[in-house]
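Reader: I would like to go through this protein question by question. Please show me the sequence and structure before we begin.

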Amino acid sequence: MLTRRQFSKLLAGSPLLASSKFGPASAASLSPAQDMAQALTQSRDLLIKGGTVIDPSQNLHAPLDVAVKDGKILQVAPDIPADGSRNVLSAKGKIVTPGLIDVHVHVFEGVGPTGLNADQYCLGRGVTTAVDAGSTGYFSIAGFRQYVIKPSATRIFAMVDIGARGTLMGLVGNYSNLDWVNPQRTAQAAEANKPDVVAIKTRLSKEIAGANDLEVLKRALLAAELCHLPLMVHIGDTYSPLPQILRQLRRGDILTHCYTGRPNGPLDANGKIIPEMLECRERGVLFDIGDGGPHLSLDVAEKCIQQNFLPDTIGTDLGGLSYNGPVYDLVTEVSKFLLLGLSLDQVIERVTLRPTRMFNFGVELGTLRPGTVADITVLEVREGTFVFGDSTGKKRTGRQKLQSTATIRAGKVYVNRSDDVAKPDASTRTEEQV
């Protein structure tokens with residue numbers, strides 16, 4: 001595994017680095033009067049040429065080139081001439097998408113057992129935007145913002161956990177002392193750290209909440225209401241029956257680990273989706289994968305998908321306990337759902353467009369629309385034999401796996417060398433264990 005310094009050198013050494021700066025980019029649109037002819041005559045910082053663009057926000061799936069200038073998308077069109085482009089990145093035989101968004105990660109590096117370096121494990125694997133799912137509580141969110149969000153090249157947002165110590169500490173019984181579960185202080189911390197904070201988080205499994213799960217949920221909902229943010233709720237082996245939890249979720253709240261194979265999951269004894277899950281979807285509750293290692297059963301996912309209950313987002317729950325399997329990274333997680341029958345367009349939508357409907361990022365992401373920030377991911381679809389695992393230890397064999405080859409963040413290009421920074425398995429094997 002590369003150190004952070006080694007990975008930074010890898011990025012800095014790329015011959016494809018553009019000159020544009022990092023930092024939040026404005027989502028202001030180009031003037032409507034600027035037509036294709038004018039765009040063709042402008043100098044371009046970067047031209048991504050020869051790829052197949054998949055952009056669900058614009059219903060695009062076609063061979064198109066993408067031009068970038070001043071950190072923003074300048075043009076998406078067929079056969080843009082290379083003349084006038086400072087850098088040209090060939091995407092021949094590859095897929096070009098809006099920058100991938102992982103709505104569920106843990107990237108409080110150096111604090112607790114699960115925090116990863118975002119630039120290595122997110123940006124370095126095709127993810128331009130990541131949402132940390134409650135690694136911090138109210139007393140540490142300001143530090144996370146100062147020492148992780150601000151210096152990272154990856155665009156990072158955060159949820160504040162209802163427990164003062166956050167999720168990152170990995171403590172059993174984290175909510176056992178309800179004095180540490182303070183909705184007012186949680187809401188105040190979230191409000192003070194907006195716009196970087198986009199949600200409140202709570203975890204209701206027995207080992208964390210014990211018999212307090214419904215009281216913790218009540219307090220988390222109050223915190224979310226006080227700061228006008230959605231609540232992400234972690235389920236799986238809860239003390240209380242899942243229907244009691246689901247009935248309290250509001251429109252715009254998020255249920256993560258939606259395909260858990262642990263007790264009190266989404267299926268009844270006959271393998272049918274429980275009515276309360278369907279009622280939640282009907283009233284606008286959203287559903288995230290949140291694999292994380294212990295939280296995804298491929299069998300449960302398959303049964304739900306067969307009943308037309310698809311996830312809204314494919315978050316990884318990537319952290320120090322799952323980066324080396326069975327999660328690895330977002331593109332591997334997405335590949336599992338290709339195996340389960342979702343189309344390429346469906347999985348791309350769930351890691352580009354749909355996350356922007358889950359959270360208010362304050363900037364237009366998940367699109368290649370001209371005038372928006374140039375966050376772009378270049379992917380290839382590898383054909384072969386790939387073995388995917390889940391939390392139960394079961395394995396399934398797929399014939400396709402997505403691989404990130406380059407990431408553009410606010411117009412700056414990074415060549416992904418995931419074979420160097422990812423799992424130790426050699427990607428050139430005929431059968432690759434993923």
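Reader: Is Lys 72 buried, exposed or partly exposed?

Author: This is a predicted model, where local features need pLDDT of at least 70, side-chain atom pairs count only at pLDDT 80 or more, and totals for chains, interfaces and linings use all residues. Residues are numbered from 1 along each chain as its sequence is written, and side-chain values use heavy atoms, with hydrogens and water left out. Buried means under 20% relative accessible area and exposed over 50%, with partly exposed in between (1.4 Å probe, protein chains only). Lys 72 has 24% relative accessibility, so the residue counts as partly exposed.

Reader: Which strand holds Lys 72, and how far is Lys 72 from Leu 368 in space?

Author: Helices (H or I, at least four residues) and strands (E, at least two) are DSSP runs, numbered from the N terminus. Lys 72 belongs to strand S5, residues 72-77. In sequence, Lys 72 and Leu 368 are 296 residues apart. In space, C-alpha to C-alpha, the distance is 9.1 Å.

Reader: In what order do the seven strands of the open sheet run?

Author: Two strands pair if DSSP finds at least two bridges between them. The pairing in this sheet is parallel. The order is S8-S9-S10-S11-S12-S13-S14.

Reader: Why is one side of S8 and of S14 left without a neighbour in the sheet?

Author: Each has a single partner strand, because S8 and S14 (286-288) stand at the edges. For S8 (residues 100-105), six of six residues are buried all the same. Four bridges join S8 to S9 (residues 127-136). One of the bridge partners is in S9: for Asp 102, that is Ala 130.

Reader: What angle does helix H4 make with S10?

Author: Axes are lines fitted to C-alpha atoms, for helices over the stretch in contact, and angles run from 0 to 180 degrees between N-to-C directions. Contact means heavy atoms within 4.5 Å. H4 (residues 141-149) packs on the sheet and touches S9, S10 and S11. Its direction and that of S10 make about 165 degrees.

Reader: Which residues have the most contacts inside the largest nonpolar core?

Author: A nonpolar core is a set of buried Ala, Val, Leu, Ile, Met, Phe, Trp, Tyr and Cys residues joined through side-chain atoms within 4.5 Å. The largest one has 81 residues. Those with the most contacts inside it are Phe 144, Val 233, Tyr 259 and Phe 337.

Reader: Which helix gives the largest share of this core?

Author: The largest share is seven residues. They come from residues 213-227, helix H7.

Reader: Is H11 enclosed or open, and which residue with positive phi follows?

Author: Nine of the 10 residues of H11 are buried, so the helix is largely enclosed by the rest of the structure. Those buried residues pack against S8, S9, H10, H12, S15 and S16. One of them, Ser 335, has a relative accessible area of 0% and touches Phe 388, Gln 400, Lys 401 and Leu 402, not counting residues up to four places away in sequence. The residue after H11 with a positive phi, near 110 degrees, is Gly 341.

Reader: How many disulfides are there?

Author: A disulfide is a pair of cysteine sulfur atoms within 2.5 Å. The sulfur of Cys 304 is 7.1 Å from the closest cysteine sulfur, in Cys 258, too far for a bond. Cys 304 is buried, at 0% relative accessibility. By this rule the count is zero.
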